[in-house]
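Student: I have a new model to go through. Can we take it one feature at a time?
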Amino acid sequence: MLLPYSLIRPIFFSLDAETVHDFTLKTLKLTQNTLWSRLLLSQPLVHDPLSLMGLQFPNRVGLAAGMDKNASAIDAFAAMGFGHVEVGTVTPLPQVGNPKPRVFRLQEANALINRLGFNNKGLDVFLENVQKARFKNHLSYNHIPMVLGLNIGKNALTPIENATQDYLQALESVYPHADYVTVNISSPNTKNLRTLQSDEALDALMGALAEKRERLRSRIGKRVPLLIKIAPDLDHAQINLLANTFKKHCPTDHSAKQGDWGIICSNTTLSRNGVEGLASSKESGGLSGAPLFNSSNAVLAQLRQAIGEHFPILGVGGIMTAQDAKIKIENGADMVQIYSGLIYKGPKLVHEISSTLKELGS
Ligand SMILES: Cc1cc2nc3c(=O)[nH]c(=O)nc-3n(C[C@H](O)[C@H](O)[C@H](O)COP(=O)(O)O)c2cc1C
């Protein structure tokens, strides 16, 4: 049974966005794996298996990073029927992020603006929480387990020239515990982070990550795909450069579908298209939700064209309905992720999307 989100939402939306978020995460953490969670949140996992990057995903909808930065409620999100859950962004050291208030709802537009700035408890707490997760023990017969993605970033105080060190340190720590690792180089709320998307910087970062992964792979005996998360604020030329950098580091022929690399497209946008004049629209930070849909789709479609049909791409940005998820797939995504849609529509959206994509097949 599912708690009707339409009843809770007005209460949530009458309170400060970050306060509600923190309260919800605490409640999910406390109640996960209990009868409460089963009665109030639980939804059947739609069985629509897909093999990508050598991983078996039970269905094509995932939780986008940032909802559960400290990995404290993985089992609660698993119970909602996600095929994969991505937790983080975690930075090597704990950090408080930007001053509050730093999350704003733009209700008329089904949107959010945030400038959290990677507030998180750091790698040690994150990994303790990841290791406590029990979702893999709760499998029904014949079901593929949910896939767990761990999203890593750099500390605000680390100079951008030394960012690679933070990513390598985080990769080494999370590697044994991850099904896949996402390298977040596209948050607009960490100074200069997005400069890592330039062809030279990305080339160097991917080279360093690939080398580290090879060493970890032979030491730990496990293969972990790496995904690079990109911004939607890229022009045509930048998208082509980015695609060329990927082509340099990874195969893009049919073997790429089960290869070691992928892209998540996209993070939040700096643009304010579609929210002009709304309360809070002038707040600085990244805009997510419905107004991001078209621009993130445009980048996705261009990227898909530039990089070819076989390269794994996860589509995220502005999915508020099952129909939106279908359009994301049509624009070139292999799978989708949601964040703002979950805030505005509630957990039912997970089931709606996964069952619609299953019906669609392909
Ligand atoms: C409050 C908030 C915090 C976020 N934090 C992160 C984060 O820590 N790491 C990350 O990679 N993306 C983060 N994101 C971006 C989301 O993962 C997603 O890429 C973006 O919101 C677009 O999807 P949506 O329109 O479905 O929300 C955050 C988004 C929001 C709204």
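Tutor: Start with a definition: two strands pair if DSSP finds at least two bridges between them. Keep in mind that this model is predicted.

Student: How many bridges join E5 to E6?
Tutor: E5 and E6 run antiparallel. One residue pair across them is Arg105, which stands opposite Leu112 in E6. The number of bridges that join E5 to E6 is four.

Student: Which residue in the turn of the E5 and E6 hairpin has a positive phi?
Tutor: The hairpin has four residues between its strands. Most residues other than glycine have a negative phi. The turn residue with a positive phi, about 50 degrees, is Asn110.

Student: Which strands are the edges of the open sheet?
Tutor: Three strands form that sheet, in the order E5-E6-E11, with antiparallel pairing. An edge strand pairs on one side only. The edge strands are E5 (103–106) and E11.

Student: In E11, what is the bridge partner of Ile113?
Tutor: E6 and E11 run antiparallel, joined by four bridges. Ala111 stands opposite Gly289 in E11. For Ile113, the bridge partner in E11 is Leu287.

Student: Which residues of E6 are buried on the side away from Ala111 and Ile113?
Tutor: In a regular strand the side chains alternate between the two faces of the sheet. Both faces of E6 are covered, with Ala111 and Ile113 buried on one side. Buried on the other side are Leu112 and Asn114.

Student: Which elements give two or more residues to the shell around the ligand?
Tutor: The ligand is surrounded by 27 residues, and the closest are Ala64, Gly66, Ser288, Tyr339 and Ser340. By class, the shell has 11 nonpolar, 14 polar and two charged residues. The elements that give two or more residues are strand E6 (111–114), strand E11 (286–289) and helix H11 (340–345).

Student: In what order do the eight strands of the barrel close?
Tutor: The pairing in this barrel is parallel. The twist averages 25 degrees from one strand to the next. The order is E3-E4-E7-E8-E9-E10-E12-E13.

Student: In E4, what is the bridge partner of Gly62?
Tutor: Strand E3 covers residues 61–63. Two bridges join E3 to E4, and the two strands run parallel. In E4, the partner of Gly62 is His84.

Student: Is Val181 buried or exposed?
Tutor: Val181 lies in strand E8, residues 180–184. Beyond its neighbours within four places in sequence, Val181 is in contact with residues including Leu150, Ile152 and Leu171. The cut-off for a buried residue is 20 or more other C-beta atoms within 10 Å. Val181 has 23 such atoms, so Val181 is buried.

Student: Why do the buried residues of helix H5 sit on the same side of H5?
Tutor: The buried residues of H5 (residues 122–132) are Leu123, Phe126 and Val130. They lie on the same side because they cover an arc around the axis of only 65 degrees.

Student: What covers the buried residues of H5?
Tutor: One covering element, H6, lies across E4, E7 and E8 and runs at about 155 degrees to E7. The cover includes strand E4 (84–90), strand E7 (147–152) and helix H6 (163–174).

Student: Which residue does a cis peptide bond join to Cys265?
Tutor: Most peptide bonds are trans. A cis bond joins Lys100 and Pro101, with omega about -5 degrees. Pro101 is in the loop between E4 and E5. At the Cys265 bond, omega is about 25 degrees, and the residue joined to Cys265 is Ser266.

Student: Is Met53 buried or exposed?
Tutor: Met53 lies in the loop between strand E1 (50–52) and strand E2 (55–57). Phi of Met53 is positive, near 55 degrees. Met53 has 23 C-beta neighbours inside 10 Å, so Met53 counts as buried.

Student: What is phi of Ala71 near?
Tutor: Ala71 is in the loop between E3 and helix H4 (74–79). Ala71 is buried, with 28 other C-beta atoms within 10 Å. Phi of Ala71 is positive, in a residue other than glycine, and is near 60 degrees.

How values were computed. Residues are numbered from 1 along each chain as its sequence is written. This is a predicted model: local features need pLDDT of at least 70, side-chain atom pairs count only at pLDDT 80 or more; totals for chains, interfaces and linings use all residues. A residue is near a molecule or strand if its C-beta atom, placed from the backbone, lies within 6 Å of it. Ala, Val, Leu, Ile, Met, Phe, Trp, Tyr, Cys and Pro count as nonpolar, Asp, Glu, Lys and Arg as charged, and the others, Gly among them, as polar. A residue is buried if 20 or more other C-beta atoms lie within 10 Å of its own, exposed if 12 or fewer, and partly exposed in between; C-beta atoms are placed from the backbone. Two residues are in contact if their C-beta atoms, placed from the backbone, lie within 7 Å. The arc is that of the directions from the helix axis to the C-beta atoms. Axes are lines fitted to C-alpha atoms, for helices over the stretch in contact, and angles run from 0 to 180 degrees between N-to-C directions.
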